[in-house]
There are 2 protein chains.
Amino acid sequence: MANEAIPSFFTMEKFCVHILGCGSAKPTLRHLPTAQIVELHGKYYMIDCGEGVQVTMQRLGLPMHRIGHIFISHNHGDHIFGLPGLIGTMGLLGRTAQLHIHGPEDIRPFLDTILTHYCNGMDYEVVFHPIHTREHNIIFSDRSVSVYSLPLEHRVPCTGFLLREAQSLPHIRREMIEAYDIPVSQINNIKAGASWTTEDGKVLTSEMLTTPAAPARSYAYCSDTTYVPQLAELIDGVNLLYHEATYGDDCAGRARTTLHSTAAQAATIARDAHAGQLVIGHFSARIKDEKPLLEEAKNIFPNTILAREGLNIDIF
Amino acid sequence: MANEAIPSFFTMEKFCVHILGCGSAKPTLRHLPTAQIVELHGKYYMIDCGEGVQVTMQRLGLPMHRIGHIFISHNHGDHIFGLPGLIGTMGLLGRTAQLHIHGPEDIRPFLDTILTHYCNGMDYEVVFHPIHTREHNIIFSDRSVSVYSLPLEHRVPCTGFLLREAQSLPHIRREMIEAYDIPVSQINNIKAGASWTTEDGKVLTSEMLTTPAAPARSYAYCSDTTYVPQLAELIDGVNLLYHEATYGDDCAGRARTTLHSTAAQAATIARDAHAGQLVIGHFSARIKDEKPLLEEAKNIFPNTILAREGLNIDIF
């Protein structure tokens with residue numbers, strides 16, 4: 001079967017956000033502190049690490065050893081107090097691969113205390129990579145993804161994250177390969193742009209022998225932050241945006257003074273960024289029902305959903 | 001109705017152990033890391049503080065503000081990583097009363113890091129009281145209880161805790177008070193041992209005017225530790241003993257090398273201490289069914305039960 005006949009759903013690598021916790025500072029019976037796993041090309045990238053993540057990951061069937069990088073937005077307990085247990089348990093599970101932790105410089109003392117006092121004899125290394133929270137930089141990339149910092153405005157230095165999937169190579173047209181009897185050893189070159197000249201001198205360009213890959217996808221995570229309009233430009237065209245919506249319109253003043261956002265402000269960012277979808281979270285413990293927040297957001301950006309623990313959001 | 005007609009169950013103040021977590025270092029979906037609340041005379045004394053306690057307390061309907069003292073047995077993450085979140089949330093809930101944390105000296109760096117970096121602006125004070133883990137001392141007492149350290153043997157300095165209820169005053173015999181027309185203002189003196197002389201010179205002793213209070217009760221917590229036979233003498237006659245039983249007989253060697261105990265060893269301590277009841281916990285993540293451990297313990301000390309999250313054990 002030619003690749004072009006296969007719906008892109010089946011040829012696309014999984015790019016999924018697993019919500020482990022979407023509450024705010026005070027945990028409740030409705031929401032856990034903030035943590036997410038971004039699953040991309042079989043790897044896990046953790047964003048924030050609230051207390052209890054190691055148990056939540058087990059509940060959701062997400063194995064810890066797949067995490068290579070943890071990105072911490074800011075040095076507030078509800079985004080970081082799951083780290084000690086996670087680091088320790090990874091050691092008990094026999095991890096040997098390095099664990100990379102990216103975050104603002106001010107998480108270093110906490111991390112140092114954990115590594116000095118609770119990680120003796122561990123068979124793996126934890127490597128800390130400080131992030132400049134005032135800059136929009138590339139902070140990490142591998143074959144699957146590039147991660148950019150997004151300057152946020154909160155009560156302490158705070159950064160969001162933009163994950164841009166690496167652009168896949170185009171798909172080879174197998175019927176052309178067979179028709180022209182092109183050796184398998186040439187396929188990767190052709191995908192990468194090389195032409196193929198047949199024995200009778202006909203030049204087949206890469207474009208003729210391939211179908212375009214699906215466009216690279218992207219995910220932006222913005223929490224915790226007050227409303228920062230210039231974010232929209234930095235994440236323009238993002239497929240999925242997670243933006244904090246700690247409060248509804250009824251607490252807009254409180255959102256301002258605590259440097260948090262309302263659902264409507266989250267939706268405004270999504271609209272102005274031409275996002276594909278918005279998921280709102282980081283709900284205040286005061287909120288007993290998030291539906292009004294959802295409505296307030298949908299009035300501005302209709303394709304909005306509510307975060308909840310255990311939610312998996314596929315990015316297409 | 002005279003007090004002596006009321007079964008002691010109704011006149012006794014509640015003395016109850018709430019199990020919040022009874023797993024060991026690696027949390028599983030069956031058990032959470034170690035934490036307990038001892039409820040006595042309306043107050044909560046927390047023993048150990050594994051990750052996730054603040055959510056478990058909410059699940060079990062145990063309000064945090066009742067905790068005045070936290071006793072930490074040793075500086076391993078599965079007994080202490082719930083502290084940062086608990087301390088922070090108490091602050092967010094508007095706590096003003098001091099919180100006292102008792103534990104071995106080596107928990108201080110962790111505590112200092114938390115208090116320095118995550119507790120600015122909190123309206124309450126955390127006071128640390130170091131414990132000498134090699135000594136059997138009284139480490140705290142109030143009107144309800146005296147708490148003693150119990151030297152344990154683990155891979156780091158470690159102490160158990162013996163909580164002895166303060167002896168209640170005897171119950172007044174109301175029918176005697178009425179018969180001899182004794183003023184209400186004298187009741188506390190009589191309970192405390194004073195006699196009463198009637199107008200015609202008859203001396204009524206305290207013993208004649210009261211019925212004895214129920215004997216003071218006690219609870220001992222021994223985790224983590226290898227088998228320490230001399231513990232039995234220190235806790236002789238204890239009403240309830242929680243003793244770790246990380247392993248069963250099939251892992252006796254592993255228990256020895258990791259300085260943990262087997263269920264049979266826990267039961268031996270209970271038997272030799274003439275305990276009223278034994279509850280075993282701190283189960284290894286390897287154990288998928290604790291019933292064999294229960295059987296091994298019961299062979300030595302029949303009145304044994306298994307700890308589990310959410311279990312409340314009343315002490316009579």
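These are my notebook entries on one sheet of chain A and the helices packed on it, taken from a predicted model.

**Entry 1: the sheet**

I began with the strand order. Seven strands of chain A make an open sheet, arranged E7-E8-E9-E14-E15-E16-E17, and the pairing is mixed. I then looked up which strands stand at the edges: they are E7 (138-141) and E17 of chain A, each with a single partner strand, so one side of each has no neighbour in the sheet. Neighbouring strands are turned by 20° against each other on average, with direction ignored.

**Entry 2: strand E15**

Next I went to E15(A), residues 240-244. Is this strand buried or exposed? I found 5 of its 5 residues buried, so E15(A) is largely enclosed by the rest of the structure. I also noted the side-chain directions: A:Leu240, A:Tyr242 and A:Glu244 point one way, while A:Leu241 and A:His243 point the other way. For anyone thinking about charges, A:Glu244 and A:His243 are both among the buried residues here.

**Entry 3: partners of E15, and on to the edge**

I followed the pairing on either side. E14 (residues 218-222) of chain A runs parallel to E15(A), with 4 bridges between them. On the E16 side (residues 277-281 of chain A), the strands are again parallel, joined by 5 bridges. A:Leu241 makes a handy landmark: A:Ala220 stands opposite this residue, and so does A:Leu278 in E16(A). Moving on, I saw E16(A) and E17(A) pair in the parallel sense over 3 bridges, with A:Val279 opposite A:Ile305 in E17(A).

**Entry 4: helices on the sheet**

Which helix touches E16 and E17 of chain A? I noted H11(A), which packs on the sheet there and whose direction makes about 165° with that of E17(A). H10(A) is another: this helix lies across E15, E16 and E17 of chain A and runs at about 150° to E15(A).

**Entry 5: a closer look at H10**

I then checked burial along H10(A), residues 263-272. Of its 10 residues, 7 are buried, so the helix is largely enclosed by the rest of the structure. The buried residues include A:Ala263, A:Ala264, A:Gln265 and A:Ile269. What do the buried residues of H10(A) pack against? I listed helix H8 (231-234), E15, E16, helix H11 (291-298) and strand E17 (304-306) of chain A. One last backbone note for my torsion list: just after H10(A), A:His274 has a positive phi of about 55°.

Note on methods
Residues are numbered from 1 along each chain as its sequence is written. Chains are lettered from A and ligands numbered from 1 in the order in which they are written. This is a predicted model: local features need pLDDT of at least 70, side-chain atom pairs count only at pLDDT 80 or more; totals for chains, interfaces and linings use all residues. A residue is buried if 20 or more other C-beta atoms lie within 10 Å of its own, exposed if 12 or fewer, and partly exposed in between; C-beta atoms are placed from the backbone. Helices (H or I, at least four residues) and strands (E, at least two) are DSSP runs, numbered from the N terminus. Two strands pair if DSSP finds at least two bridges between them. Two residues are in contact if their C-beta atoms, placed from the backbone, lie within 7 Å. Axes are lines fitted to C-alpha atoms, for helices over the stretch in contact, and angles run from 0 to 180 degrees between N-to-C directions.
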